[in-house]
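Please look through the structure shown below together with the explanation that follows, which begins at one pair of strands and works outwards from there.

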Amino acid sequence: MSSFKRKTLSGRANLPQGTRLSPFSTSTVITSTGIPSLDDILGGGLPLSCSLAVLAPDHHSAYGELVQKYFVAQGLASGQKVCIVHDEPLRFAREGIWMAGNTPSTPAQASTAEDADDEKASQHDNKIKIAWRYEQMKKFQTTVSSNSLNDDLCLSFDLTCRIPATALDAARQSAQLIPIDVDIFEDGTGVIEQIEELLSNGTDAHAVRICIPALGSPHWDDMQPPTVLALLHSLRRLLHRHPNACASLSLAPHMCTDTWGGPGWVQKVGWLSDAAISMSAFGANPSLSSLFPSHHGIVQILTLPAPHTILPASDKYSTLRGLSSAAGSMGGSGENNLAFKCMRKRLIFETLHLDLEGGVTERRTTPSSNAMALDGNMVHETMPAAVLATEGRKGSLATVEVEFERSKEVVSDTSTSRAIPDADDSLVPAKPKKPKKKVAFRSERPDLYDF
């Protein structure tokens, strides 16, 4: 009889509510961030005892705080304890999002119909006629849906719905929602002491979420880069001592670039966090907005969580990064092609794909500068210009230059050409080399020449 016995779930301790075991390691417990596509990037979810840092350098948007609202809503809906560190934590909680159909003003059937309409509007036109052989193929997907994940782990939230006041009052009375005001502390050390006291008061049976929406904002006083790094290191050290807690924070927009903290500042934030991503929006660059009209920004992965393993779980189980076995059918194409877009009802992380024409409406070619350079040994012959007319446009003058490059070995007089002896000792006149032609286009309106 063999002495080996298979481990069963009945012999293990009960997991905290709203969590499950990681598919990569049985010693890692993960929870959801509230965004299914972000959970896929992290390898199934955010592991407990880990911290997530979100950098959003755009001053005209608040995508970093939006990720924190998902994080808070997921914790309250799944019955976990949520600690909000903010200058007005209760106001931030009231502005949070909630599930559709759970408010009196939004019936469940109406919200379901709106979700279906929103899904159809976000996709391309499905009425395009294609070849019959491709009709039965699976549609191309650029993100993961909530149906592909565990419904109990990640709930569906609606950006148009606000958390009910009754749910907030019940969470406050049951000590599920714990606010921490940063105005009463002069620096970040007091916040760390308050969080440590919270985690030490018997929270082993429940998972605790620590949310810091805007670290380094004016309410945190005049914080310097060493102070921020020390706070991130203290928070990470504190989470490693309490395995049932996790944290998610976002830096102020002016602190998300190397211009504030010096060269390598963004990498330092990633080193002092278990997981870190950067969401660079297109709002400050109109050219990128016109180039990618269906997306709102680029996502860059700085650090991935790996609490009990050498390699992150995302390297094997992420679909959007293109590393899992299902990445080919789901549209994953690598972490260098990740983007995000904020729709009317939800925030989505997906792979970035260019259009058939390279992502732009027009492709133009202009002559290179070296093609216009003239050599003293070349003979120039200019052809007359032609007037090109288009519908609704005035014709433009285009000049075509043909340049002939003559060999120095060829004598102008062909009758006195040099003779070359062959194998039969006969004199054969050498053939002159043909001149090389180079064509360059000069046009006042290069948009007429679309290749």
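In this predicted model, strands E11 and E12 lie side by side and pair in the antiparallel sense, with six bridges between them. One of the places where the two strands meet can be named, since Ala276 has Thr303 in E12 as its bridge partner. On another side, E11 is joined to E4 by four bridges, and here the two strands run parallel; in this pairing Ala53 has Ala276 in E11 as its bridge partner. Ala276 is thus named as a partner both of Ala53 and of Thr303.

How much of E11 is buried? Six of its seven residues are, so the strand is largely enclosed by the rest of the structure. Ala281 is a residue of this strand, which covers residues 275-281, and Ala281 is buried because its relative accessible area, 18%, falls under the 20% cut-off. Once neighbours within four places in sequence are left aside, Ala281 is in contact with Asp58, Ser61, Tyr63, His296, Gly297 and Phe340. One of these, Ser61, is 220 residues away from Ala281 in sequence, yet the C-alpha atoms of the two are 8.0 Å apart in space.

Strand E12, which spans residues 297-303, contains Ile301. Ile301 has a relative accessible area of 15% and is therefore counted as buried, the cut-off being under 20%. Between the C-alpha atoms of Ile301 and Ser278 the separation is 6.5 Å, although the two residues are 23 places apart along the chain.

These strands belong to a wider arrangement, an open sheet of nine strands in the order E8-E5-E9-E10-E4-E11-E12-E13-E14, with mixed pairing. At its edges are strand E8 (177-181) and strand E14 (347-351), each of which pairs on one side only. From one strand of this sheet to its neighbour, the turn averages 20 degrees when direction is ignored. Helix H7, made of residues 225-241, packs on the sheet and touches strand E4 (51-55), strand E9 (208-215) and strand E10 (245-251), and the direction of H7 makes about 165 degrees with that of E10.

Within the sheet, strand E10 holds Ser250. With a relative accessibility of 1%, Ser250 counts as buried because this value is under 20%. Beyond residues up to four places away in sequence, Ser250 touches Val54, Gly64, Glu65, Gln68, Ile212, Pro213, Ala214 and Leu215.

At the edge formed by E14, the pairing partner is strand E13 (residues 338-342), and the two strands run in the antiparallel sense over five bridges. E13 and E14 form a hairpin, with four residues between them, and within this pairing Ala339 stands opposite Glu350 in E14. Is this edge strand mostly covered or exposed? E14 is mostly covered, with five of its five residues buried. In a regular strand the side chains alternate between the two faces of the sheet. In E14, Leu347, Phe349 and Thr351 point one way while Ile348 and Glu350 point the other way, and all of them are buried.

Turning to the helices, H2 runs over residues 63-77 and has 15 residues; from its first C-alpha to its last it reaches 21 Å, close to the 21 Å expected at 1.5 Å a residue. H2 is mostly covered, since 13 of its 15 residues are buried. After H2 comes Gly79, which has a positive phi near 85 degrees.

For the protein chain as a whole, there are 13 helices and 20 strands, and 42% of the 451 residues are buried. Of the contacts between residues at least 6 apart in sequence, 71% join residues at least 24 apart. The accessible surface comes to about 26100 Å², and 53% of this belongs to carbon and sulfur atoms.

A last point concerns the confidence of the prediction. The chain averages a pLDDT of 75, and 60% of the residues score at least 70. Residues 121-127 have a pLDDT below 50, and this stretch has four contacts in the model beyond near neighbours in sequence. Over residues 357-398 the pLDDT also stays under 50, and the model has 68 contacts for this stretch beyond four places in sequence. Where pLDDT is low, the predicted coordinates should not be read in detail.

Conventions. Residues numbered from 1 in each chain as written. Predicted model: local features only at pLDDT ≥ 70, side-chain atom pairs only at ≥ 80, totals over all residues. Heavy atoms only, no water. pLDDT = per-residue confidence, 0-100. Contact = heavy atoms within 4.5 Å. Buried < 20%, exposed > 50% of the residue type's maximum accessible area, 1.4 Å probe, protein only. Expected span 1.5 Å × (residues − 1). Pairing = 2+ DSSP bridges. Axes fitted to C-alpha atoms, helices over the stretch in contact; angles between N-to-C directions. Areas by Shrake-Rupley, 256 points an atom, 1.4 Å probe, with all protein chains shown as cover.
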